[in-house]
Amino acid sequence: MGDSFYEYLLKVWIQGNRTAAVSHYRKMWETSMKGLVSLVRRTTPSSFAYLGEKMGSSINDKMDELACFAPGMLALGSSGYSPDEAQKFLSLAEELAWTCYNFYQSTPTKLAGENYFFNDGQDMSVGTSWNILRPETVESLFYLWRLTGNKTYQEWGWNIFQAFEKNSRVESGYVGLKDVNTGVKDNMMQSFFLAETLKYLYLLFSPSSVIPLDEWVFNTEAHPIKIVTRNDRAVSSGSSGGSQESDRQLRTRKEGRFRVHH
């Protein structure tokens with residue numbers, strides 16, 4: 001239930017432009033990811049990777065669709081590792097995204113339930129069977145497409161969008177499903193369907209120049225925040241102008257450390 005905390009350890013490092021001033025957040029995130037890796041399990045017979053839920057000293061073979069933000073987070077953070085480690089985390093991200101996509105593909109409506117259980121020999125089965133138009137899976141597909149260029153992720157996103165169109169579209173908007181097995185509708189459109197789900201689907205089919213990830217970082221509710229630029233270049237001390245420039249930079253940092261310099 002603390003998913004956004006782990007996401008923000010990574011994203012504060014990115015928003016701070018990956019500098020020494022924010023490096024401790026990256027270290028905390030990497031420590032947390034060692035814990036996450038310890039929760040990875042695989043189903044039988046198809047070997048879908050999933051994240052178990054740690055409850056005290058035991059791990060439950062259950063995963064929420066909410067946890068499908070993790071593949072995108074892992075992909076986004078993989079580039080900060082050494083090449084070998086980066087590939088391991090990117091591969092794990094891709095495996096988990098395949099599982100999340102199958103949360104959708106494994107139901108009659110092709111829309112995911114709220115959570116899934118993993119029993120020996122049965123791969124995955126829907127637990128809580130409603131769908132409330134959640135964004136986490138398409139969010140991860142967006143990151144994986146941007147970071148790998150693999151159009152498979154666009155195909156998966158298109159299939160999910162088509163399932164929303166077929167099952168959730170009503171005259172005045174979109175609604176969730178009370179049960180992804182029967183297709184019975186509820187009567188509510190969550191605001192995050194517009195703010196996140198459709199936004200990430202739109203970006204999945206937009207050029208990478210639309211909200212580029214080297215200039216922006218998304219918060220956990222899909223609002224883009226500008227990455228801080230830092231003017232930390234060394235200034236020559238051999239002239240009075242240089243001294244004045246150093247004074248000005250120091251004053252600027254004190255007044256507003258995160259001011260954007262153009």
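**Close-up views of a predicted model**

**View 1. A salt bridge between Arg169 and Glu165.** Arg169 and Glu165 bring their side chains together in a salt bridge, with N and O 3.6 Å apart. Please keep in mind, here and in the views that follow, that this is a predicted model. Is either partner tucked away, or are they open to the surroundings? Arg169, with a relative accessible area of 46%, is partly exposed. Glu165 is partly exposed too, and its relative accessible area is 26%. The structure holds nine salt bridges, and several others appear in the views below.

**View 2. The whole chain, for orientation.** Eight helices and eleven strands make up the secondary structure of the protein. The protein has 262 residues, of which 44% count as buried. How much do residues 24 or more positions apart contribute to the contacts with a separation of 6 or more? They account for 60% of those contacts.

**View 3. Helix H1 and its bend.** Helix H1 covers residues 3-15. Its 13 residues should span 18 Å at 1.5 Å a residue, and the end C-alpha atoms are indeed 18 Å apart. Where does H1 bend? The bend is at Leu9 and amounts to about 30°. Leu9 is also buried, as are Glu7, Leu10, Lys11, Trp13 and Ile14. The cover over the buried residues of H1 includes H2, helix H3 (70-78), H5 and S10. Follow the chain just past H1 and you will come to Asn17, which takes a positive phi of about 70°.

**View 4. Arg26 and Glu30 along helix H2.** A salt bridge joins Arg26 to Glu30, and the closest N and O atoms lie 2.8 Å apart. Why are these two separated by about one helical turn? It is because they are four residues apart in helix H2 (residues 23-37). An α-helix has 3.6 residues a turn, so residues three or four places apart point the same way. Their surroundings are worth a look as well: Arg26 counts as buried at 5% relative accessibility, whereas Glu30 counts as partly exposed at 24%.

**View 5. The largest nonpolar core.** This core has 63 residues. Which of them touch the most other members? They are Trp29, Met33, Met63, Leu74 and Phe103. Helix H4 (residues 83-105) supplies the largest share of the core, with eleven residues. In soluble globular proteins, nonpolar side chains tend to be buried together. Zooming in on Met63, and leaving aside residues up to four places away in sequence, you will find that this residue touches Tyr50, Leu51, Cys68, Cys100, Phe103, Asn115, Tyr116 and Phe118.

**View 6. Asp64 and its charged partners.** Asp64 sits in strand S5, which runs over residues 62-64. Is Asp64 buried or exposed? Its relative accessible area is 15%, so Asp64 is buried. The side chains of Asp64 and Lys62 are joined by a polar contact of 3.0 Å. A network of salt bridges links Asp64 and Lys62 with Glu53. Apart from residues up to four places away in sequence, Asp64 touches Glu53, Phe103, Glu114 and Asn115.

**View 7. Helix H7 and its kink.** Helix H7 is made of 14 residues, 191-204. From first C-alpha to last it reaches 20 Å, close to the 20 Å expected at 1.5 Å a residue. Look for the kink centred on Leu198, which is about 30°. Which residues of H7 are buried? They are Phe192, Phe193, Glu196, Thr197, Tyr200, Leu201, Leu203 and Leu204. Among the elements that cover these buried residues are helix H5 (136-148), helix H6 (152-168), strand S9 (173-174) and strand S10 (216-218).

**View 8. Glu215 meets Lys226.** The side chains of Glu215 and Lys226 form a salt bridge with an N to O distance of 3.4 Å. This pair links distant parts of the chain, its members being eleven residues apart. Glu215 lies in the loop between H7 and S10, while Lys226 belongs to strand S11 (residues 224-226). Glu215 counts as partly exposed, at 37% relative accessibility. Lys226 is partly exposed as well, with a relative accessible area of 36%.

Methods
Residues numbered from 1 in each chain as written. Predicted model: local features only at pLDDT ≥ 70, side-chain atom pairs only at ≥ 80, totals over all residues. Heavy atoms only, no water. Core = buried A, V, L, I, M, F, W, Y, C linked by side-chain atoms within 4.5 Å. Buried < 20%, exposed > 50% of the residue type's maximum accessible area, 1.4 Å probe, protein only. Contact = heavy atoms within 4.5 Å. Polar contact = N/O pair within 3.5 Å; in protein donor to acceptor, adjacent residues only side chain to side chain. Expected span 1.5 Å × (residues − 1). Bend = angle between axes of the 7 residues up to and from the residue. Salt bridge = Lys/Arg side-chain N within 4 Å of Asp/Glu carboxyl O.
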